[in-house]
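User: Please take a close look at how two of the helices pack against each other in this predicted model, and then carry on from there to the backbone details of the loops and to the surroundings of the ligand.

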Amino acid sequence: MTLNHRSDRRMFLGSAGMLAGMMLNARRIFGLPAVVAPASPVPEKLIGLGATGNVYAELGLTTVINAHGTMTYLGGSLARPEVEAVMALAGQHFVPIVDLEVAAGKRICELLKLPADYDAIVTCGAAAGMQTGLSGILTGSNPKFIEQLPDLTGMKSEVIIQKSHRNPFDHQLRATGAKLVVVESRDDVKKAINPQTAMMHFSNFANASGLIKVDEWVKLAHENQIPAFIDAAADTPPVSNLWDYAKMGYDLIAFSGGKAIRGPQCAGLLLGKKDLIANALLNSCPHEDTIGRPMKVGKEEIVGMVKALECYLNEDHAALDKEWWSRLDFISREIAAVPGVTTSFDVPDIANHVPHMNIFWDPRKVSLTPREAASLLRKADPSIVLGSSEHGLGMNSFMLQPGEEKIIAAQLVKLFKSHAA
Ligand SMILES: *Cc1c(COP(=O)(O)O)cnc(C)c1O
């Protein structure tokens, strides 16, 4: 692992330097206007932090094999090398950030072929998209209101949400000062709508658990001239979700950039109707005296997010899916050879729509609780993180690096055999 990290790092430094060189050459050959040479060329060799290629080990930390998915607490996903390369290029010049957001939004809309009345900005994540998106709805372009948030005097103040759609991320909605009005039935929605209603919020992963489904929710909102927001943070794959909710009519749509799209960890997409996106940007960094000022997204992340999206759209998604299945199949074959151990598979309909594997064992054959098993794997070398419930272990393979499935299989077999009852 250490070796891999080291060579990746070299490749990245090499490719960033090479790319910059290629661009300078292109400018000479095609007579493009000369750009000022980067102030600080990417160093070929690092001294001090980073010298070994594993910054985490240098800081005294142990990296983990991530069989749990795109978890922010583990660092989300690993950005593509192309993303790291353009981020390095982006870091070599100053640029007006508001103009960059507008230009990035234009490119994002082109890449996604969004309807003509849609625009986009890069936020520092889906959670930030929820907060600034709602802020823009509440304040419009009124500078006094923008400064005033989260004091909603003079503004609308309520957001309607289904009971089963409540989740920790609605803190970002409440942070604007808005009050959540919780509903269950269609009748509840009709009763809840009043002149103070600012927005109707939909948590896409909860589609199955709410009475009102994704397409009906946006219709209900529009029948009452209320903008509808959809939190689709972890909802790629499938890639088509990136445009389907705009086509469905959702006014604002938030995606994480640092999950399966493999953009910068501190990036996300906010897509939506042009005026709402403009107002979200007015409530965002770099504008000061705004509620969004602390949710800074840098020039590097903005450019990196656009690149990640470009790469994601060009990816062979069927081949990726096949690779994810084959990793799980490999682990399953190895561990199911241990007496008492069985596996099962599933793919969630929405959110983290990737192959998952559950691992069960007969407690009469393996004397270990799932919680103990997860904890021992976490403490093993290399350390492995996966999920556990009272029934067994749960894992997925879309964040694994090549070959890590072999390490996981070997560790699991060793663990089960050493606890044979
Ligand atoms: C991950 C996630 C978020 C937060 O996204 P960030 O990009 O980390 O800000 C919000 N909602 C849901 C459902 C998520 O899964």
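Analyst:
**Helix packing, loops and ligand surroundings**

In this predicted model, helix H5, which spans residues 126-139, and helix H11, which spans residues 274-282, have axes that come within 7 Å and cross at roughly 105°. Because angles from 65 to 115 degrees count as roughly perpendicular, H5 is roughly perpendicular to H11. On the H5 side the contact is made by Thr-132, Gly-133, Gly-136 and Ile-137, while H11 contributes Leu-276, Asn-279 and Ala-280. Sorted by character, the residues of this contact of H5 with H11 comprise three nonpolar, four polar and no charged.

H11 also leads on to a backbone detail, since the loop between H11 and helix H12 (299-314) is the place of Asp-289. Asp-289 has a positive phi of about 50°, although it is not a glycine. A positive phi of about 50° is likewise found at Lys-113, which is not a glycine either, and Lys-113 is located in the loop that runs between helix H4 (97-112) and strand E2 (118-123). With a relative accessibility of 70%, Lys-113 counts as exposed, because the class of exposed residues begins over 50%.

Two peptide bonds that lead into prolines deserve attention as well. The bond from Leu-149 to Pro-150 is cis, with omega near 5°, and Pro-150 is found in the loop between helix H6 (143-148) and strand E3 (158-162). The bond from Pro-237 to Pro-238 is also cis, with omega near 5°, and here Pro-238 has its place in the loop between strand E6 (228-231) and helix H10 (241-248).

Turning to the ligand, the residues that surround it are Thr-72, Gly-125, Ala-126, Ala-127, Phe-169, Phe-205, Asp-231, Ala-233, Ala-234, Ser-256 and Lys-259. Among them, Ala-126 lies within the residue range 126-139 of H5, and a polar backbone atom of Ala-126 is 2.8 Å from an oxygen atom of the ligand. Asp-231, a residue that falls within the range 228-231 of strand E6, has an N or O atom in its side chain at 2.7 Å from a nitrogen atom of the ligand. For Lys-259, an N or O atom of the side chain is 2.8 Å from an oxygen atom of the ligand. H5 therefore appears in two settings, because its residue range 126-139 includes Ala-126, one of the residues around the ligand, and because Thr-132, Gly-133, Gly-136 and Ile-137 of H5 take part in the contact with H11, to which H5 is roughly perpendicular.

Technical notes: Residues are numbered from 1 along each chain as its sequence is written. This is a predicted model: local features need pLDDT of at least 70, side-chain atom pairs count only at pLDDT 80 or more; totals for chains, interfaces and linings use all residues. Side-chain values use heavy atoms; hydrogens and water are left out. Axes are lines fitted to C-alpha atoms, for helices over the stretch in contact, and angles run from 0 to 180 degrees between N-to-C directions. Helices (H or I, at least four residues) and strands (E, at least two) are DSSP runs, numbered from the N terminus. Angles under 35 degrees count as roughly parallel, over 145 as roughly antiparallel, 65 to 115 as roughly perpendicular and the rest as oblique. Contact means heavy atoms within 4.5 Å. Ala, Val, Leu, Ile, Met, Phe, Trp, Tyr, Cys and Pro count as nonpolar, Asp, Glu, Lys and Arg as charged, and the others, Gly among them, as polar. Buried means under 20% relative accessible area, exposed over 50%, partly exposed in between (1.4 Å probe, protein chains only). A residue is near a molecule or strand if one of its heavy atoms lies within 4 Å of it. A polar contact is a pair of N or O atoms within 3.5 Å; within protein, one must be able to donate a hydrogen and the other to accept it, and residues adjacent in sequence count only if both atoms are side-chain atoms.
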